[in-house]
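Q: Could you take a close look at one helix here and walk me through how it sits against its surroundings?

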Amino acid sequence: MKDIDLLKEFLEFPRWISDPVFDRFKTIDNHVYREADDMHEGRRFLFVNGQKEKKVVLVAHADTAYYHREKHFVEVEDGCFIAVNEAGERTLLGADDRAGCAILWALKDSGHSILVTDAEEFNLFGTTWLVKDNPDIVQLLNQHQFMIQFDRRYGTDFVCVNVGSDDFRDYIRENTNYSESRNSTRTDICLLCTDICGVNISVGYYDAHTVKEKIDYNQWLHTLNMARRLLSRDLPRFKL
């Protein structure tokens, strides 16, 4: 399957439930899937431990900001994917963060680790539970070189929020040619990174959480190919 077709497939999953995303990643051998007993507010995650000696954690969240049961269709407009409903009206696409999940799927054979979270849009409830009730996973995550979350608007931005050192920021800037943004919000790596640095990288979406949401698929592909190049290198470890 072509990369762009993969992106479109993930964007076509129903936006109000995360199950289709988790079901896809459950087909990977040796995954760890956990959920809270009552599955309250999306408290679940899926982790695949990579095989490389020097590996990073690749992170994306399966949920979107759309909670209404409405069928949507993915269409192309001016080099972007958009979503319309059955009445032909623009509606939320869900690229935040189905675009990041598609990148994780494209990189699943890279030898690096994969973490799919849930309820990021709902005040980080899924990751809060992960960190509180799954210390073994948190410890394992922080034995990696660093973390990359694919959950950032625009085409060539990165943000480290409060989980990046000066050396790590310089490394990301030099090895991606992306620019550090001053505008940032909390996301999963803010809680997940306890001992190592983390970065959130652009995946090409715009106007997230609105009916005008779109994703420039060439920018998404640029980030995917940049990640492929970066992850093929000997990666240093960046302590927080």
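A: Here is a walk along helix α8, from its start to its packing partner. This is a predicted model, so local features need pLDDT of at least 70, side-chain atom pairs count only at pLDDT 80 or more, and totals for chains, interfaces and linings use all residues. Residues are numbered from 1 along each chain as its sequence is written, and side-chain values use heavy atoms, with hydrogens and water left out.

Helix α8 covers residues 217-231 (helices are DSSP runs of H or I, at least four residues, numbered from the N terminus). Its 15 residues should span 21 Å at 1.5 Å a residue, and the end C-alpha atoms are indeed 21 Å apart; the expected span is 1.5 Å times one less than the number of residues.

At the start of α8, a side-chain oxygen of Asp216 comes within 3.0 Å of the backbone nitrogen of Asn218. Further along, the buried residues (under 20% relative accessible area, 1.4 Å probe, protein chains only) are Tyr217, Trp220, Thr223, Leu224, Met226, Ala227, Leu230 and Leu231.

Now the partner, helix α3 (residues 95-106): its axis and that of α8 come within 11 Å and cross at roughly 35°, where axes are lines fitted to C-alpha atoms over the stretch in contact and angles run from 0 to 180 degrees between N-to-C directions. From α3, Ala99, Ala102, Ile103 and Ala106 meet Trp220, Thr223, Leu224 and Arg228 of α8 (contact means heavy atoms within 4.5 Å). The residues of that contact split into six nonpolar, one polar and one charged, with Ala, Val, Leu, Ile, Met, Phe, Trp, Tyr, Cys and Pro counted as nonpolar, Asp, Glu, Lys and Arg as charged, and the others, Gly among them, as polar.

Note on methods. Helix = DSSP H or I, 4+ residues; strand = E, 2+ residues; numbered from the N terminus. Buried < 20%, exposed > 50% of the residue type's maximum accessible area, 1.4 Å probe, protein only. Polar contact = N/O pair within 3.5 Å; in protein donor to acceptor, adjacent residues only side chain to side chain.
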